[in-house]
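Me: Hi! I have a chain with a ligand open on my screen and would like to talk it through. Could you walk me through it?

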Amino acid sequence: MTKIKLNGMLTAYDKKNLTIATVCSHSSLQIFNGARKEGFKTLGISIGKKKKFYDAFPLGKPDEFFIVDNYKDILKYTEELREKNTIVIPHGSFVEYLGADKFLTLELPTFGNRDVLLWESDRGKERKWLEAAGLTMPQEIKKPKDINKPVIVKYHGAKGGKDFFIAKTYDEFQRRIKKNRSFAIQEFVLGTRYYLHYFYSPIQDNAYKLSKGSLQLLSMDRRDETTIDEVQRLGSIAELEELGIHPTFVVTGNIPIVIRESLLPKVFKMGEAVVEKSLELFGGIIGSFCLETVVTEDLEFKVFEISARIVAGTNPYISGSPYSELIQSDMSTGRRIAQEIKYAAKNNLLNEIIS
Ligand code: AMP
């Protein structure tokens, strides 16, 4: 959507009567709860039918449901949604199931900078961005023949870690690889995983200062991934693989975690570098983003992925995390997003944080 079109929409909006909307999935309970705490009306876009479980969570339930048959149908009802002064909060499922290309054309004011998708959804560009920012990523192995240490093989378009596999040798790779699918091979980084949840505001200077605006660290999690995280209950991976049982990386939940305090300077330096480079490349990664990292035994971070929006790993922190409690009590990422929109609306800065 062009900037001119967006500005036209925002000009027509009643800024004192905004509605925060998202698709009923992923982190929607948190988003609605945070928006409610900041005094917004909330709207839940529900696919197929209204989901009954929201009735069990009155403080996470949207004020209104908007039912559509499927994700693509959201594109048809944008005018109706604009009449409600709707600002959309994208989350992982929203973008994934609507499709990045369609999401880029959605004619609704959307929190964050949608241009980030062009960098995030292309593995090559993502690597260019993160390495140009000075981050260390797992080594990429271009030719399977060069596998000389444990690697993780990621099929393109594989959803949620499903059918990624680990191979320790070229032979094992050859036995496991599915023909006719494109893939990338990465060094398997041994260490502990931390999924770091940042929030970048280009319009407020009240946190870790950057060349423009400031950065916060709101929380971090570790994903619970089946079956890799529990496979040892049955025996060693090698033993199981002989039986044809291969561990997978499907996310089933998220576990709260904190990191050694002495690593926080590195955590901020990485966040800072990613934001500064994004400002240079495409106008900035705005709002929440997550760096998915492994910390090695030498206490070095290797970053294997970036998510440029609210991640489900923030869900354990609806009433605040050990980090956000040091900023403001009772502040989730969902609430922080609502605060940013509220601040921008009040100061006539919405076009700085919406695309
Ligand atoms: P992704 O879809 O890239 O987030 O990867 C899914 C899961 O695979 C992650 O949550 C990690 O547990 C694991 N993983 C991905 N890349 C690596 C890597 N290079 N080294 C070790 N584990 C990885």
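Reply: Happy to! A word on domains before we begin: their bounds come from an automatic or database domain assignment. Also, this is a predicted model.

Me: Good to know. Which domains does the assignment give for the chain?

Reply: It gives domain 1 (1-110), domain 2 (114-136 + 190-223 + 254-355) and domain 3 (144-189 + 225-253). Taken over C-alpha atoms, the centres of domain 1 and domain 3 are 36 Å apart.

Me: And the ligand, where does it lie relative to domain 2 and domain 3?

Reply: Domain 2 and domain 3 both give residues to the shell around the ligand, so the ligand lies between them.

Me: How many residues surround the ligand, and which are the closest?

Reply: There are 16 residues around the ligand, and the closest are Gln186, Tyr195, Glu225, Glu292 and Glu305. By class, the shell has eight nonpolar, one polar and seven charged residues.

Me: Which strands each supply at least two residues of that shell?

Reply: Those are strand 5 (151-155), strand 7 (183-187), strand 8 (192-201), strand 10 (214-227) and strand 13 (301-307).

Me: Let's talk polar contacts. How far is a polar side-chain atom of Tyr195 from an oxygen atom of the ligand?

Reply: That distance is 2.6 Å for Tyr195. Glu292 also has a polar side-chain atom 2.8 Å from an oxygen atom of the ligand, and an N or O atom in the side chain of Arg223 is 3.3 Å from a ligand oxygen atom.

Me: How much of the ligand does the protein bury?

Reply: Taken alone, the ligand exposes 480 Å², and the protein buries 94% of that.

Me: Switching to sheets. You mentioned strand 5 and strand 7; what is the strand order in their sheet?

Reply: The order is 6-5-7, in an open sheet of three strands with antiparallel pairing. Strand 6 (165-167) and strand 7 are the edge strands, each pairing on one side only. On average, neighbouring strands of this sheet are turned by 30° against each other, direction ignored.

Me: How many bridges join strand 5 to strand 7?

Reply: Five bridges join them, and the two strands run antiparallel. For one of the pairs, Tyr155 has Phe183 in strand 7 as its bridge partner.

Me: What about the open sheet of four strands, parallel or antiparallel?

Reply: That sheet has parallel pairing, in the order 3-2-1-4. Its edge strands are strand 3 (64-68) and strand 4 (86-88). Strand 2 (residues 41-47) pairs with strand 3 over five bridges, and Ile47 has Val68 in strand 3 as its bridge partner.

Notes:
Residues are numbered from 1 along each chain as its sequence is written. This is a predicted model: local features need pLDDT of at least 70, side-chain atom pairs count only at pLDDT 80 or more; totals for chains, interfaces and linings use all residues. Side-chain values use heavy atoms; hydrogens and water are left out. A residue is near a molecule or strand if one of its heavy atoms lies within 4 Å of it. A polar contact is a pair of N or O atoms within 3.5 Å; within protein, one must be able to donate a hydrogen and the other to accept it, and residues adjacent in sequence count only if both atoms are side-chain atoms. Accessible areas come from the Shrake-Rupley method with a 1.4 Å probe; for residues, only the protein chains shown count as cover. Ala, Val, Leu, Ile, Met, Phe, Trp, Tyr, Cys and Pro count as nonpolar, Asp, Glu, Lys and Arg as charged, and the others, Gly among them, as polar. Two strands pair if DSSP finds at least two bridges between them. Axes are lines fitted to C-alpha atoms, for helices over the stretch in contact, and angles run from 0 to 180 degrees between N-to-C directions.
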